[in-house]
Amino acid sequence: PAGPVDPHSIALLPFANFSPAPDDAYFADGLSEELINVLARIPGLKVTSRSSSFLFRDADLGGREIAAQLGVAHLVSGSVRRQGDSVRISAQLVDAASDKLLWSGTYDRQLVDIFRVQEEISQAIANALADSLGMRTVQVAPATADLKAYELYLRGRQLFALRGSNLEAARSLVTEAVE
């Protein structure tokens, strides 16, 4: 994008899946998408869409170059490591122009706390940007308190994105999540 970069702009890159099971990638993607949704609700913050930021999943580019291509002032990146009912989420917020780390955090939780940790990460990012945004409150209403339904939804959404022969399985998982 040409022109000056809005200092109130941010892109959340897809979180890396460091779980022992490669099939848990849906969980890392789902967490990334939910964080994008939460950040998008912060007044005054311009958040790059999932479709744009996820293009850089496996890109062999540095943060400055990714931020320049997305036209954002800040980048959030991270990783998810899931094992059984436990999850470790690491995230960092970087000022893209200076490559300066503004905030980082690691969250070790049980999966029952996944909605709370999404709120905590988003609040920490908002706090790190508070001076430029002029606000500190992030209100997050979890989509559901049912972790099993949430996982079924995430798996279904992942299969839906793959299209083709995966659509029937995606429909089945989403239907089960709703039930």
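Student: How much area does the protein chain expose, and what share of it do carbon and sulfur atoms supply?

Tutor: The protein chain exposes about 9,500 Å², and 51% of this comes from carbon and sulfur atoms. The model is a predicted one. Of the 179 residues in the chain, 42% are buried.

Student: Which elements does the protein chain have, and in what order do they run?

Tutor: There are seven helices and six strands. Read from the N terminus, their order is β-β-α-β-α-α-β-β-β-α-α-α-α. Among contacts between residues at least 6 apart in sequence, 59% join residues at least 24 apart.

Student: Why is E34 called buried or exposed?

Tutor: The relative accessible area of E34 is 14%. Buried means under 20%, and E34 is therefore classed as buried. This residue belongs to helix 1. With neighbours within four places in sequence set aside, E34 is in contact with Q118, Y150, Y153 and R157.

Student: Why is Y153 placed in its accessibility class?

Tutor: Y153 has a relative accessibility of 33%. Buried requires under 20% and exposed requires over 50%, with partly exposed in between; Y153 therefore counts as partly exposed. Y153 is a residue of helix 6, which covers residues 147-162.

Student: What makes the nonpolar surface patch?

Tutor: Y153, V174 and V178 make a nonpolar surface patch of about 270 Å². Residues of a patch must have over 30% relative accessible area. Y153, at 33%, therefore passes that cut-off.

Student: How do you know what span is expected of helix 6, and what does the helix reach?

Tutor: The expected span is 1.5 Å times one less than the number of residues. For the 16 residues of helix 6 this gives 22 Å, and the helix reaches 23 Å from its first C-alpha to its last, which is close to expectation. Just after helix 6, R163 takes a positive phi of about 60°.

Student: Which residues of helix 6 are buried, and what do the buried residues pack against?

Tutor: The buried residues of helix 6 include Y150, L154 and R157. The buried residues of this helix pack against helix 1 (25-40), strand 4, helix 4 (114-128) and helix 7 (167-178).

Student: How do you know that strand 4 and strand 5 pair?

Tutor: Pairing requires at least two bridges. Strand 4 (residues 74-83) and strand 5 (residues 86-95) are joined by 10 bridges and run antiparallel; they therefore meet the criterion for a pair. One of the bridge partnerships links V76 to L93 in strand 5. The two strands form a hairpin with two residues between them, and G84 in the turn has a positive phi of about 60°.

Student: What joins strand 5 and strand 6, and in which sense do they pair?

Tutor: Strand 5 and strand 6 (residues 100-110) pair over 10 bridges in the antiparallel sense. S90 has T106 in strand 6 as its bridge partner. This hairpin has four residues between its strands.

Student: What makes the phi of D99 notable?

Tutor: The phi of D99 is near 60°, a positive value in a residue other than glycine. Most residues other than glycine have a negative phi. D99 lies in the loop between strand 5 and strand 6.

Student: Why is A96 called buried or exposed?

Tutor: The relative accessibility of A96 is 6%, and the residue therefore counts as buried, the limit being under 20%. A96 is also placed in the loop between strand 5 and strand 6. Residues up to four places away in sequence aside, A96 touches R64, A67, V72, A73 and H74.

Technical notes:
Residues numbered from 1 in each chain as written. Predicted model: local features only at pLDDT ≥ 70, side-chain atom pairs only at ≥ 80, totals over all residues. Heavy atoms only, no water. Patch = residues over 30% accessible without salt bridge, like charges linked within 9 Å, V, L, I, M, F, W, Y side chains within 5 Å. Areas by Shrake-Rupley, 256 points an atom, 1.4 Å probe, with all protein chains shown as cover. Salt bridge = Lys/Arg side-chain N within 4 Å of Asp/Glu carboxyl O. Buried < 20%, exposed > 50% of the residue type's maximum accessible area, 1.4 Å probe, protein only. Contact = heavy atoms within 4.5 Å.
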